[in-house]
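Open the model in your viewer and keep the sequence panel beside it. The stops below say what to select and what is there.

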Amino acid sequence: MNLETEMKYRVEQKYIITEDKIAYLKFKLENVMQYDKHAKDGTYRIRSLYFDDMYDSFLEDNEAGNDFRKKYRIRTYNNEKHKIHLEIKTKEFGYTGKTKEEITMQECLDYMARKEPVLKSGDGEVKRKLYSLMLMRRMQPVQIVEYDRIPLVEEKGNVRVTFDKNIVGTSQVDTFFDDVLPGIPLLPTGQHILEVKYDEFIPDYIKQILNEVYLPKTAFSKYYYARNNPNIYR
C-alpha cells in the first residue's frame, strides 16, 4: 500500500481570475516555469469526493473561518480508476498540508456505499482516522467537486501556480466514477480560481509576473461553495 504520511505545511493563496487574465499569465509564466509532468497537454481533471460528519462539522469550520480545520476526501485525476487517494487536507493559521494514502477501487466503492472499511495491518493513519470518525460521528461522503487544472511548477521555493477552470459540484455521490459528472457550476460564467502555493518563498520573477494583473484575493473553498449551492445540495 502506497502511503504518504509526513505532513508538510505550505503557503496557499487563492484568487478569482478571468479567462483573459489566465491567457496572459500562462503566456508569461510558461517562459519561467514548467508544466507539471502529470499534466497531459498542460492540464488534468481533478475529481474529489468530500466527507462530513453528522453535525456538518467540516462545513461549519469553513463557514466560521476557523484557524485550524481539516477536509477528508477521496481524489482521482483524469477519472483514473486504478490510482485513487484518500486524503486529509489540513489548514492551520494560513498554512496548508496534506497527507494521503492510496486505496483500491473496491475500498472506494465501500466508502461511497457508506460501509465501514476493513482495516488491515499495513493501513496508515489517514484510513484509521477516517474509520474512527465513521464510527464515532457517522462520517460519510456528501459532495463531489470536479474541475480542470492547468498546473505550472518551479523547483525554487517548490512553487505551484494552478488555474482551476470549469469548477462544478454535485451531491450525487454515487456518480463519482461516471464518465460525465452531473455537476452544477460553482462560479459565474467566465470566472475561475488561481492558486499559488509555495514553501518558504516565491521567486521574484514569478511574483513580478503575477503582480502585472489585478487579482482579487479570495478564501474560496470548492467544498464549501458546493455545499451551499441551493441547486446542488438540497
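Select strand β9, residues 159-170: 11 of its 12 residues are buried, so the strand is largely enclosed by the rest of the structure. Buried means under 20% relative accessible area, exposed over 50% and partly exposed in between, with a 1.4 Å probe and protein chains only. Helices (H or I, at least four residues) and strands (E, at least two) are DSSP runs, numbered from the N terminus.

This is a predicted model, in which local features need pLDDT of at least 70, side-chain atom pairs count only at pLDDT 80 or more, and totals for chains, interfaces and linings use all residues. Residues are numbered from 1 along each chain as its sequence is written, and side-chain values use heavy atoms, leaving out hydrogens and water.

Which strands pair with β9? Two strands pair if DSSP finds at least two bridges between them.

- Add β8 (residues 140-154), which runs antiparallel to β9 and is joined to it by 10 bridges. Here V153 is opposite R160. The two strands form a hairpin with 4 residues between them, and G157 in the turn has a positive phi of about 80 degrees.
- Add β11 (residues 191-198), antiparallel to β9 over 5 bridges. V161 of β9 faces V196 there.
- Add β10 (residues 184-185), antiparallel to β9 over 2 bridges. P185 is the bridge partner of V168.

Now select helix α2, residues 57-64, whose buried residues are S57, F58, L59 and N62. Among the elements covering them are β4 (44-52), β5 (68-77), α4 (125-137) and α6 (222-227), where contact means heavy atoms within 4.5 Å. Finish at G65, just after α2, which takes a positive phi of about 65 degrees.
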